[in-house]
Amino acid sequence: MTSLVKDNIPVNSSEGTSEQMIWPIVKEDLRHEFGEDTYKSWISKLECDGCTNSAITFSVPTRFIRDWVLTHFEKKIIRSWQKHNNHIKKISITISKTKKSSPVETGHNVQHRNKSIDMDDEKSQFFQSSLESRYVFESFVAGPSNEFAYAAARAVSEAKKVQPGSNPLFLYGGVGLGKTHLMHAIAWHIQENNSKRKVVYISAEKFMYQFIKALRTNEMMQFKEKYRSADVLMVDDIQFICGKDSTQEEFFHTLNTLIDNNRQVVISGDRSPSDLQNMEERIKSRLGWGLVADIHNTTYELRLGILQSKVERIGIEVPNQVLEFLAAKITSNVRELEGALNKVIAHTNLTKQEVTLANTQDILRDLLRSNEKNITVEEVQKKVAERHNLKVSDMYSSKRSRNIARPRQIAMYLSKTLTSHSLADIGKKFGGKDHTTVMHAVKKIETLLKENNEVAEDVRLLIKVLQC
Ligand code: ADP
Ligand code: MG
């Protein structure tokens with residue numbers, strides 16, 4: 001077990017020296033294991049003070065960081081340390097109020113963000129450790145698949161008063177499509193324009209963890225106070241509290257208290273409120289009361305727009321041909337798309353090559369293969385037919401009855417959004433239809449996605465099946 005050493009217990013500095021030399025190595029290990037974001041938010045905040053007996057002692061600027069690190073990273077830190085010194089059995093963390101944590105260093109906007117946020121230390125540290133500085137409205141590219149969610153997010157962040165029709169705002173969509181980006185953008189915007197409003201952003205997972213911890217340590221009052229005193233509460237990835245009854249109960253009361261007191265609540269999830277499984281009916285219904293905005297899979301044009309905006313912001317030359325190629329090939333989600341671009345840039349940078357189509361194809365060979373392997377027009381046709389109990393040949397036919405024509409339109413829509421084939425190509429693969437027929441189908445389904453929940457759900461599930 002970890003001992004939570006109270007502030008200012010002296011450490012044995014003579015033993016500390018060699019441990020302080022190990023720390024950078026262990027840190028690198030952890031960076032590798034947890035990834036850059038986690039590393040910057042948490043691990044980089046730890047300052048190694050030395051070692052007492054078998055415990056490594058660290059200091060951090062806030063209690064919040066200390067608790068988070070102990071809960072999430074303690075075992076990993078010890079394990080990694082033991083590779084260098086197997087006498088180490090535990091870690092202790094003290095809170096040193098005087099030390100300032102370094103700002104989150106991701107993204108190019110950091111300077112601007114740090115300057116413009118004028119908050120007390122604790123609050124600003126909360127912000128910097130939990131919000132990504134590049135997730136702002138300015139870097140979000142809107143297109144048909146996300147413009148409703150984008151507009152809703154903007155409206156909520158700009159509203160002087162909470163609009164009952166937008167409370168809660170529920171954003172949902174598949175992984176990597178920008179939900180977290182929009183939530184952080186709302187938080188940044190509100191904070192910068194009205195820093196008196198208390199904005200609390202938390203993932204549902206963390207909410208659950210803090211709730212359980214508060215129960216255990218008899219700190220329920222503080223827990224309730226923290227969330228119920230928010231002017232704006234944002235809970236990301238709500239699906240993670242599905243099935244967790246007591247957390248749900250607490251969440252429900254928090255939600256009600258805030259909404260009843262005219263505080264803004266913003267929630268994100270991977271599916272619509274009514275489709276959340278193992279979630280109490282009353283919560284689902286309350287979540288659906290406000291504004292529900294979904295984010296669909298990206299279109300080719302949006303993917304291209306996102307890539308163009310990204311290279312512009314980084315200030316690096318990438319031929320359009322390469323961006324077009326990436327937008328056509330990496331169709332799964334924006335996270336993967338960004339990952340592919342980053343990989344190409346990093347690789348060419350390292351090898352001092354120019355970015356060209358040829359080396360892009362080369363660098364991304366494996367990734368492209370797996371993207372291609374996953375989704376072909378034929379596979380789309382097969383899965384859509386299966387799901388609607390039709391024959392695959394119905395997909396090529398000209399039968400016009402609704403129960404065949406609608407799934408066929410869905411299949412055309414999915415072929416357009418999930419593969420890189422042109423409208424004409426897709427038409428050919430659907431029994432020699434004209435490209436205007438495919439275009440009509442795509443438009444029709446895009447409209448239905450907004451208006452008809454059944455179609456939206458059908459498309460969502462098909463995408464899931466096709467992408468795994
Ligand atoms: P989610 O929370 O829906 O899983 P994220 O918000 O984490 O997705 O988005 C994944 C990545 O894609 C982030 O780096 C985000 O900045 C980027 N991204 C997603 N959608 C857009 C968009 N429309 N414009 C710019 N970047 C986007
Ligand atoms: Mg997210």
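In what sense do strand 5 and strand 6 pair, and over how many bridges? In this predicted model, strand 5 and strand 6 (residues 232–236) pair in the parallel sense, and five bridges hold the pairing. Within this pair, valine 200 stands opposite leucine 233 of strand 6. Strand 5 spans residues 199–203, and four of these five residues are buried, so the strand is largely enclosed by the rest of the structure.

Strand 6 also pairs with strand 7: four bridges join the two, and they run parallel. Leucine 233 takes part here as well, with valine 265 as its bridge partner in strand 7. Leucine 233 is thus placed opposite valine 200 and is also bridged to valine 265. Strand 7 in turn pairs with strand 4 (residues 169–173), again in the parallel sense and over four bridges. The bridge partner of leucine 169 in strand 7 is valine 266.

Strand 7 covers residues 264–269, and six of its six residues are buried. The burial applies to both faces of the strand. On one side the buried residues are Gln264, Val266 and Ser268, and on the other they are Val265, Ile267 and Gly269. The two bridge partners named above therefore lie on opposite sides of strand 7, Val266 on one and Val265 on the other, and both are buried.

Backbone geometry was examined in the loops that lead into these strands. Proline 168 lies in the loop between helix 6 (147–158) and strand 4. The peptide bond that joins asparagine 167 to proline 168 is cis, with omega at about 0 degrees. Asparagine 262 is found in the loop between helix 10 (245–260) and strand 7. Its phi is near 60 degrees, a positive value in a residue other than glycine. Asparagine 262 has a relative accessible area of 52%, which is over the 50% cut-off for an exposed residue.

Asparagine 218 also has a positive phi, about 55 degrees, although it is not a glycine. This residue lies in the loop between helix 8 (204–216) and helix 9 (220–228). With a relative accessible area of 71%, asparagine 218 is exposed. A further positive phi, of about 50 degrees, is taken by asparagine 389 just after helix 17.

Helix 17 comprises residues 377–387, and its buried residues are Val377, Val380, Gln381, Lys383, Val384 and Ala385. An α-helix has 3.6 residues a turn, so residues three or four places apart point the same way. Val377, Val380, Gln381 and Val384 are among the buried residues of helix 17. Arginine 387 is 75 residues from leucine 462 in sequence, yet the two C-alpha atoms are 8.2 Å apart in space. Leucine 462 belongs to helix 22 (residues 453–467). The relative accessible area of leucine 462 is 1%, and the residue is buried.

A separate open sheet is made of three strands in the order 1-2-3, with mixed pairing. Its edge strands are strand 1 (47–52) and strand 3 (90–95), each of which pairs on one side only. From one strand to the next, the twist averages 30 degrees. Strand 2 (residues 55–60) pairs with strand 3 in the parallel sense over six bridges. Among the residues in this pairing is isoleucine 56, whose bridge partner in strand 3 is isoleucine 91.

The surroundings of ligand 1 were then considered. There are 18 residues around ligand 1, and Val141, Gly176, Thr180, His181 and Glu338 come nearest. The shell divides into seven nonpolar, seven polar and four charged residues. Helix 7 (179–193) and helix 14 (334–350) each supply at least two residues of this shell.

Polar atoms of the protein lie at short range from the ligand at several points, including both backbone and side-chain positions. A backbone N or O atom of valine 141 lies 2.8 Å from a nitrogen atom of ligand 1. A polar backbone atom of leucine 177 is 3.2 Å from an oxygen atom of the ligand. For tyrosine 135, a polar side-chain atom lies 3.3 Å from a ligand oxygen atom. Taken alone, ligand 1 exposes 560 Å², and the protein buries 96% of that area.

Notes. Residues are numbered from 1 along each chain as its sequence is written. Chains are lettered from A and ligands numbered from 1 in the order in which they are written. This is a predicted model: local features need pLDDT of at least 70, side-chain atom pairs count only at pLDDT 80 or more; totals for chains, interfaces and linings use all residues. Side-chain values use heavy atoms; hydrogens and water are left out. A residue is near a molecule or strand if one of its heavy atoms lies within 4 Å of it. A polar contact is a pair of N or O atoms within 3.5 Å; within protein, one must be able to donate a hydrogen and the other to accept it, and residues adjacent in sequence count only if both atoms are side-chain atoms. Accessible areas come from the Shrake-Rupley method with a 1.4 Å probe; for residues, only the protein chains shown count as cover. Ala, Val, Leu, Ile, Met, Phe, Trp, Tyr, Cys and Pro count as nonpolar, Asp, Glu, Lys and Arg as charged, and the others, Gly among them, as polar. Two strands pair if DSSP finds at least two bridges between them. Axes are lines fitted to C-alpha atoms, for helices over the stretch in contact, and angles run from 0 to 180 degrees between N-to-C directions. Buried means under 20% relative accessible area, exposed over 50%, partly exposed in between (1.4 Å probe, protein chains only).
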